[in-house]
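Please read these points with the model open beside you, and follow each one on the structure before going on to the next.

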Amino acid sequence: MTGTVEAKLAALGITIPAASAPAANYVPFVISGNQLWISGQISMANGSFMTGKLAGEGDIEAGRAAARQCAINLIAQIKAALGDLDRVKRVVKLVGFVNSSPDFTDQPKVVNGCSDLFVEVFGDAGRHARSAVGVAQLPFNVSVEVEAVIEFA
């Protein structure tokens, strides 16, 4: 039986991939009490990295797409951890890292690609606290990485 969240994803034409394995010595998620802490998920789709340093106004949409893919990858980890996406009670916090040039200041607009999808999929439970940080480099030269804290029932 498909749950409410999975039905929303299907209506959006989003297929959730298998959760990716860690790239180093860490675990993809930790459950502590009723909170799920998800390690940073990078902008990777279908085995290909979404790469590049964001440097100008024209890069915002590419960055938003990369952040949206991070959201999809975070949802894959939520499903792997909880088994049922309808167990999500609240998206508590997102921290987005944007691979950007020193003069790029639109990191919040980029990370909205992730935030917007969480609200679209989880409704009010998807509204969250957030940080959007510009960084000099990210692993594999990806454009965006996002980590999350989720409260579940």
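1. How are H2 and H3 oriented to each other? Keeping in mind that this is a predicted model, begin with the two helices themselves: H2 covers residues 60-82 and H3 covers residues 107-122, and they pack with their axes 6 Å apart at an angle of about 45 degrees. Angles from 35 to 65 degrees are neither roughly parallel nor roughly perpendicular, and H2 and H3 are therefore oblique to each other. Their crossing is right-handed.

2. The residues that make this contact can be followed along both helices. On the H2 side they include Ile60, Gly63, Arg64, Ala67, Arg68, Ala71, Ile72 and Ile75, while on the H3 side Val110, Val111, Cys114, Leu117 and Phe118 are among them. Sorted by class, the contact of H2 with H3 has 13 nonpolar, 3 polar and 5 charged residues. As general background, an α-helix has 3.6 residues a turn, so residues three or four places apart point the same way.

3. H2 can also be considered on its own. This helix has 23 residues and reaches 32 Å from its first C-alpha to its last, which is close to the 33 Å expected at 1.5 Å a residue. Just after H2 comes Gly83, which takes a positive phi of about 80 degrees.

4. H3 has a second helix to be examined with it, namely H1, which covers residues 4-11. The axes of H1 and H3 come within 9 Å and cross at roughly 120 degrees, and that makes H1 oblique to H3. Here Val5, Lys8 and Leu9 in H1 meet Glu120, Val121 and Phe122 in H3, and by class this contact has 4 nonpolar, no polar and 2 charged residues. Glu120 and Phe122 of H3 also take part in the contact with H2.

5. Finally, please look at the aromatic rings, for which the count comes to 2 aromatic pairs. One of them is formed by Phe49 and Phe140, whose rings are stacked, 4.8 Å centre to centre and with 5 degrees between the planes. Phe49 lies in strand S4 (residues 48-49) and Phe140 in the loop between strand S6 (129-135) and strand S7 (144-152), so the pair ties together parts that are 91 residues apart in sequence.

Conventions:
Residues are numbered from 1 along each chain as its sequence is written. This is a predicted model: local features need pLDDT of at least 70, side-chain atom pairs count only at pLDDT 80 or more; totals for chains, interfaces and linings use all residues. Side-chain values use heavy atoms; hydrogens and water are left out. Axes are lines fitted to C-alpha atoms, for helices over the stretch in contact, and angles run from 0 to 180 degrees between N-to-C directions. Helices (H or I, at least four residues) and strands (E, at least two) are DSSP runs, numbered from the N terminus. Angles under 35 degrees count as roughly parallel, over 145 as roughly antiparallel, 65 to 115 as roughly perpendicular and the rest as oblique. A crossing is left-handed if the near helix is turned anticlockwise from the far one by less than a right angle, and right-handed if clockwise. Contact means heavy atoms within 4.5 Å. Ala, Val, Leu, Ile, Met, Phe, Trp, Tyr, Cys and Pro count as nonpolar, Asp, Glu, Lys and Arg as charged, and the others, Gly among them, as polar. The expected span of a helix is 1.5 Å times one less than its number of residues. Rings of Phe, Tyr and Trp (its six-membered ring) pair if their centres lie within 6.5 Å; planes under 30 degrees apart count as stacked, over 60 as edge-to-face and the rest as tilted.
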